[in-house]
Amino acid sequence: MTLPIDPALATSDADRTAERRRAELERHASSLFAAAALTTAVVCGATIVSGWFAGVLVDSWERLFWAGFVLAVVMVAVFAAAALPGGTDARRACTRITWLLRFGLVLFVASPVCCILALVGDFYRL
């Protein structure tokens, strides 16, 4: 969620550009937070409804699956931190949000890779 920006408060072109960039980054962060939370909820719900649980996996694959789940929880927290409005310095906020979004996107890829690799590895007894 972004706060309304008063263009009169921005004193220079660089400040106005930073404020616009911050608003854009906060919109992206909010969208990614919602998508990550929804995706995690859907996957958890589907797992519960199917009756499947990680305890049926071979031990080494189960650890990899739970590592993926922990990464998913961290991912949602990182996107939530990126979406939080904070600070009056738009340039510093842009830097903070950009790094959090990058880290969150890495987790967005790593989490399902761990979980899917664990399921496939266990299924084929690798």
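# Exercises on a predicted three-helix chain

At 12% relative accessibility, F65 counts as buried, because buried means under 20% relative accessible area, exposed over 50%, and partly exposed in between (1.4 Å probe, protein chains only). The structure is a predicted model, in which local features need pLDDT of at least 70, side-chain atom pairs count only at pLDDT 80 or more, and totals for chains, interfaces and linings use all residues. Residues are numbered from 1 along each chain as its sequence is written, and side-chain values use heavy atoms, with hydrogens and water left out.

**Exercise 1.** Describe the helices and strands of the chain.

*Solution.* Step 1: apply the rule that helices (H or I, at least four residues) and strands (E, at least two) are DSSP runs, numbered from the N terminus. Step 2: count the elements, which gives three helices and zero strands. Step 3: read them from the N terminus on, and the order is α-α-α. Step 4: turn to the record. The unreviewed UniProt entry annotates residues 32-58, 64-87 and 99-120 as "transmembrane region"; such annotations may be inferred rather than shown by experiment, and their positions are given in the numbering used here, with feature names shortened. Step 5: examine two of these stretches in the model. Residues 64-87 are 83% helix and 0% strand, with the end C-alpha atoms 38 Å apart. Residues 99-120 are 100% helix and 0% strand, and there the end C-alpha atoms are 32 Å apart.

**Exercise 2.** Determine the surroundings of T40 in helix α1.

*Solution.* Step 1: locate T40 in helix α1, which spans residues 13-50. Step 2: classify T40; its relative accessibility is 18%, so it counts as buried. Step 3: look for a polar partner. A polar atom of the T40 side chain lies 2.8 Å from the backbone oxygen of A36. Step 4: list the contacts (heavy atoms within 4.5 Å). Leaving aside neighbours within four places in sequence, T40 is in contact with A72, M75 and V76.

**Exercise 3.** Identify the members of the largest nonpolar core that touch the most other members.

*Solution.* Step 1: recall that a nonpolar core is a set of buried Ala, Val, Leu, Ile, Met, Phe, Trp, Tyr and Cys residues joined through side-chain atoms within 4.5 Å. Step 2: among the 15 residues of the largest such core, A29, M75, A82, I97 and L101 touch the most other members. Step 3: assign the core to helices. At least two residues come from each of α1, α2 (59-83) and α3, and α2 gives the most, with seven residues. Step 4: follow one member. Apart from neighbours within four places in sequence, A29 is in contact with F79, A82, A83, I97 and L101.

**Exercise 4.** Classify the aromatic pair of F65 and W66.

*Solution.* Step 1: state the criteria. Rings of Phe, Tyr and Trp (its six-membered ring) pair if their centres lie within 6.5 Å; planes under 30 degrees apart count as stacked, over 60 as edge-to-face and the rest as tilted. Step 2: search the whole structure, which yields three aromatic pairs. Step 3: F65 and W66 are 5.5 Å apart, centre to centre, with 85° between the planes, and form an edge-to-face pair. Step 4: W66 has a relative accessible area of 38% and is therefore partly exposed. Step 5: compare F123 and Y124, whose ring centres are 5.0 Å apart and whose planes stand at 85°, so this pair is edge-to-face. Both F123 and Y124 are exposed. Step 6: ring pairs also link F65, W66 and F69 into a cluster.

Technical notes:
Polar contact = N/O pair within 3.5 Å; in protein donor to acceptor, adjacent residues only side chain to side chain.
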